[in-house]
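The questions below ask why certain terms apply to this model. Each answer sets a value against its criterion and concludes.

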Amino acid sequence: PEDLLSDQVEGRALCGALQLARIPHVYSLATDLQTFRTAMGSKLVHTLQTPANQGRRPILHLSMHGNDGGIGLTSGEYLTWDALQDELGPLQNLMRGGLLITMSSCFGIAGCRMAMNTSTSYPFWALVGHSGSVDWSDAAIAYITFYHQFFKETPLERCVELMRLASGDLNFMYL
């Protein structure tokens, strides 16, 4: 809640950059598990069904606090990586293995543990995240750079290299 109070909202900066680059996007501020489920469920389904988005593959960008065991929501609710995998499973199955997840959080690359959970039929295509603690400013610069390059069809590996260069933080990775 302190991040919202002090207006530290990475999503707003990212949306501004995506809008400038004319990259289609939808922003949802999910502060608790109920709004997270709505954002990942009915809101996402509605968005994907609009004529402008049919045939597009969503990229799921999650910006939140995290640690080696999972992620925390603004409400204080905590999701282990297994619990997050269970929440994302229907989307992963819908995407048939084509989902790109970007974890803008401390220890976001630990989300690779979701790939070890076999509760869904399809894994995600790739996961981008940080291997340790990361400042909001470095994460924002890194992901703005990532999306700018990704939508210019730069290969994923190179996008992550450029994230590291732009942010000055070598701990951004992909799996």
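**Terms and the values behind them**

Q: What makes Arg12, Gln19 and Leu20 of H2 exposed?
A: Exposed means a relative accessible area over 50%. Arg12, Gln19 and Leu20 meet that criterion, on the other side of H2 from its buried residues. The model is a predicted one.

Q: Which residues of helix H2 are buried, and why are they said to line one face?
A: In H2 (residues 10-20), Glu10, Gly11, Leu14, Cys15 and Leu18 are buried. Viewed down the helix axis, these residues fall within an arc of 125°, so they line one face of H2. An α-helix has 3.6 residues a turn, so residues three or four places apart point the same way.

Q: What do the buried residues of H2 pack against?
A: Their partners are strand E1 (59-63), strand E5 (100-104) and helix H5 (136-150). After H2 comes Arg22, with a positive phi near 60°.

Q: What makes a set of residues a nonpolar core, and which members of the largest one touch the most others?
A: The members must be buried nonpolar residues joined through side-chain atoms within 4.5 Å. The largest such set has 26 residues, and Phe36, Ile71, Leu84, Leu88, Ile101 and Met114 touch the most other members. Helix H3 (33-49), E1, helix H4 (81-95) and E5 each supply at least two residues of this core. H3 gives the most, with 6 residues.

Q: Which residues is Leu88 in contact with, leaving aside its neighbours within four places in sequence?
A: Leu88 is in contact with Phe36, Met40, Leu60, Ile101 and Met114. A second core, separate from the largest, has 18 residues, including Leu100, Cys106, Ala142 and Phe146.

Q: How do you know that Cys106 is in no disulfide?
A: A disulfide needs two cysteine sulfur atoms within 2.5 Å. The cysteine sulfur closest to that of Cys106 belongs to Cys112 and is 16 Å away, too far for a bond. From the side of Cys112 the result is that it is in no disulfide either, the nearest cysteine sulfur being that of Cys106. Over the whole structure the search finds 0 disulfides.

Q: Why is Cys106 called buried and Cys112 partly exposed?
A: The limit for buried is under 20% relative accessible area, and partly exposed runs from there to 50%. Cys106 has 18%, so it is buried. Cys112 has 24%, so it counts as partly exposed.

Q: What makes E2 and E4 edge strands?
A: Strand E2 (65-67) and strand E4 (78-80) each pair on one side only. Their sheet is open, has 3 strands in the order E2-E3-E4, and is antiparallel in its pairing. On average, neighbouring strands in this sheet are turned by 20° against each other, direction ignored.

Q: How do you know that E2 and E3 pair?
A: Two strands pair if there are at least two bridges between them. E2 and strand E3 (residues 70-72) have 3 bridges, in the antiparallel sense. His65 stands opposite Gly72 in E3. H4 packs on this sheet and touches E2, E3 and E4, with its direction at about 90° to that of E4.

Q: Why is the pairing in the sheet of E1, E5, E6 and E7 not simply called antiparallel?
A: Strands of a sheet pair through backbone hydrogen bonds, either parallel or antiparallel. This open sheet of 4 strands, in the order E1-E5-E6-E7, has mixed pairing. Its edge strands, each paired on one side only, are E1 and strand E7 (172-174). E5 and strand E6 (residues 126-130) pair in the parallel sense over 3 bridges, and Leu100 stands opposite Ala126 in E6. Helix H6 (residues 156-167) lies across E6 and E7, at about 175° to E7.

Q: Why is Arg96 called exposed, but Pro123 and Phe107 partly exposed?
A: The dividing value is 50% relative accessible area. Arg96 has 60%, so it counts as exposed. Pro123 has 47% and is therefore partly exposed. Phe107, at 27%, also counts as partly exposed.

Q: What is said of phi in Arg96 and Phe107?
A: Neither is a glycine, yet phi is positive: about 50° in Arg96 and near 60° in Phe107. Arg96 lies in the loop between H4 and E5, and Phe107 in the loop between E5 and E6.

Key:
Residues are numbered from 1 along each chain as its sequence is written. This is a predicted model: local features need pLDDT of at least 70, side-chain atom pairs count only at pLDDT 80 or more; totals for chains, interfaces and linings use all residues. Side-chain values use heavy atoms; hydrogens and water are left out. Buried means under 20% relative accessible area, exposed over 50%, partly exposed in between (1.4 Å probe, protein chains only). The arc is that of the directions from the helix axis to the C-beta atoms. Contact means heavy atoms within 4.5 Å. Axes are lines fitted to C-alpha atoms, for helices over the stretch in contact, and angles run from 0 to 180 degrees between N-to-C directions.
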